[in-house]
Amino acid sequence: MAGKQEQNHGGNELATLGGVFNSLNINVYSYTHQNPLKYMDPDGRKLEFAKGSTPQFRQQIAQMVQYLNKGHASAVLAELQKRPETVYLKEGATLQDFYYDPNSKTIVVHPRSGLQVSPGKVQTPALGFLHEAGHALGDVKGTAASTAPIPGDPYDTKEEKRVIETIEVPAAKKLHEPIRHAHHGPEMEEKEVKCSTCDK
Ligand SMILES: [Zn+2]
């Protein structure tokens, strides 16, 4: 029952995206040398690749978008794409380079960095990308929570709790990925995975 309801809900979310996501899916290879994200919205230049982004990185991001879209977990990206502000996407150099920088409005993603939430349970880089997109959307909308560190709190900050509980966990459930209810933990660490939508 819940599954069906979710499916319908996802369908409604995606209806507003029109065929642009679909054309991205179909034409992923031909679009990657340009800016695949641009094609999610006809007049959208709101989510852009940073200068110097390689064709491989562009393709990896397109694969993540396709994966999130298929799992009905791409609403945050769609909303970000409709914003007037431009948010940039940049490839991280190391597995730990995975964050959103509000000063430069840049999401930094390492396309092979999966987050191990507990031993053997690894989230895909795509889910990590969605998490950072959640921070970016909160920032540009002005709905981000406080980023002041809370000593001893498993979420570290109110903003991490907001993104994990309202964006990451619901998406992880839809995508059948491991779920976490904390931002840090003794077993949490970045693991190199085979592809941008792989969990090992
Ligand atoms: Zn975060």
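**Figure 1. H5 and H6 cross in a left-handed way.** We're looking at a predicted model here, zoomed in on the spot where H5, residues 75-82, packs on H6. The two axes sit 9 Å apart, at an angle of about 40 degrees. That angle makes H5 oblique to H6. On the H5 side, the residues that meet H6 are Val76, Leu77, Glu79 and Leu80. Their partners in H6 are Leu130, Ala133, Gly134, Ala136 and Leu137. Sort the residues of this contact by type and you get seven nonpolar, one polar and one charged.

**Figure 2. H5 is largely enclosed by the rest of the structure.** How many of the eight residues of H5 are buried? Six of them are, so the helix is largely enclosed by what surrounds it. The buried set runs Ala75, Val76, Leu77, Ala78, Leu80 and Gln81. For the protein as a whole, 38% of the 200 residues count as buried.

**Figure 3. H6 passes H7 in a right-handed crossing.** Here H6 (residues 125-141) comes up against H7 (residues 158-175). Their axes come within 9 Å and cross at roughly 140 degrees. H6 and H7 are therefore oblique to each other. What does H6 bring to the contact with H7? Leu127, Leu130, His131, Gly134, His135 and Gly138 do the job. From H7 come Glu159, Arg162, Val163, Ile167, Glu168, Ala171, Ala172 and Leu175. By type, the residues of the contact split into seven nonpolar, four polar and three charged. Have a look at Leu130 and Gly134 of H6: both turn up in the contact with H7, and both also meet H5.

**Figure 4. His184 sits in the loop between H7 and S7.** The strand on the far side of this loop, S7, covers 189-192. Is His184 buried or exposed? It counts as exposed, because it has 12 C-beta neighbours inside 10 Å. Leaving aside residues up to four places away in sequence, His184 touches Pro154 and Asp156. Another residue to pick out in this view is Val117: it is 67 residues from His184 in sequence, yet the two C-alpha atoms are 8.7 Å apart in space.

**Figure 5. Asp156 and His176 each have a positive phi without being glycine.** Asp156 belongs to the loop between H6 and H7, and its phi is about 70 degrees. With 18 C-beta neighbours inside 10 Å, it counts as partly exposed. Asp156 is also one of the residues that His184 touches. His176 is in the loop between H7 and S7, with a phi of about 60 degrees. Just 9 other C-beta atoms lie within 10 Å of His176, so this one is exposed.

**Figure 6. Residues 1-36 have a pLDDT that stays under 50.** The model still shows 40 contacts for this stretch beyond four places in sequence. Residues 38-44 also come in below 50, with 17 contacts beyond near neighbours in sequence. Zooming out to the whole protein, the average pLDDT is 83, and 78% of the residues score at least 70. The overall tally is seven helices and seven strands, arranged along the sequence as α-α-α-β-α-α-β-β-β-β-β-α-α-β. Of the contacts between residues at least 6 apart in sequence, 61% join residues at least 24 apart.

Note on methods. Residues are numbered from 1 along each chain as its sequence is written. This is a predicted model: local features need pLDDT of at least 70, side-chain atom pairs count only at pLDDT 80 or more; totals for chains, interfaces and linings use all residues. Axes are lines fitted to C-alpha atoms, for helices over the stretch in contact, and angles run from 0 to 180 degrees between N-to-C directions. Helices (H or I, at least four residues) and strands (E, at least two) are DSSP runs, numbered from the N terminus. Angles under 35 degrees count as roughly parallel, over 145 as roughly antiparallel, 65 to 115 as roughly perpendicular and the rest as oblique. A crossing is left-handed if the near helix is turned anticlockwise from the far one by less than a right angle, and right-handed if clockwise. Two residues are in contact if their C-beta atoms, placed from the backbone, lie within 7 Å. Ala, Val, Leu, Ile, Met, Phe, Trp, Tyr, Cys and Pro count as nonpolar, Asp, Glu, Lys and Arg as charged, and the others, Gly among them, as polar. pLDDT is the predictor's confidence in each residue, from 0 to 100. A residue is buried if 20 or more other C-beta atoms lie within 10 Å of its own, exposed if 12 or fewer, and partly exposed in between; C-beta atoms are placed from the backbone.
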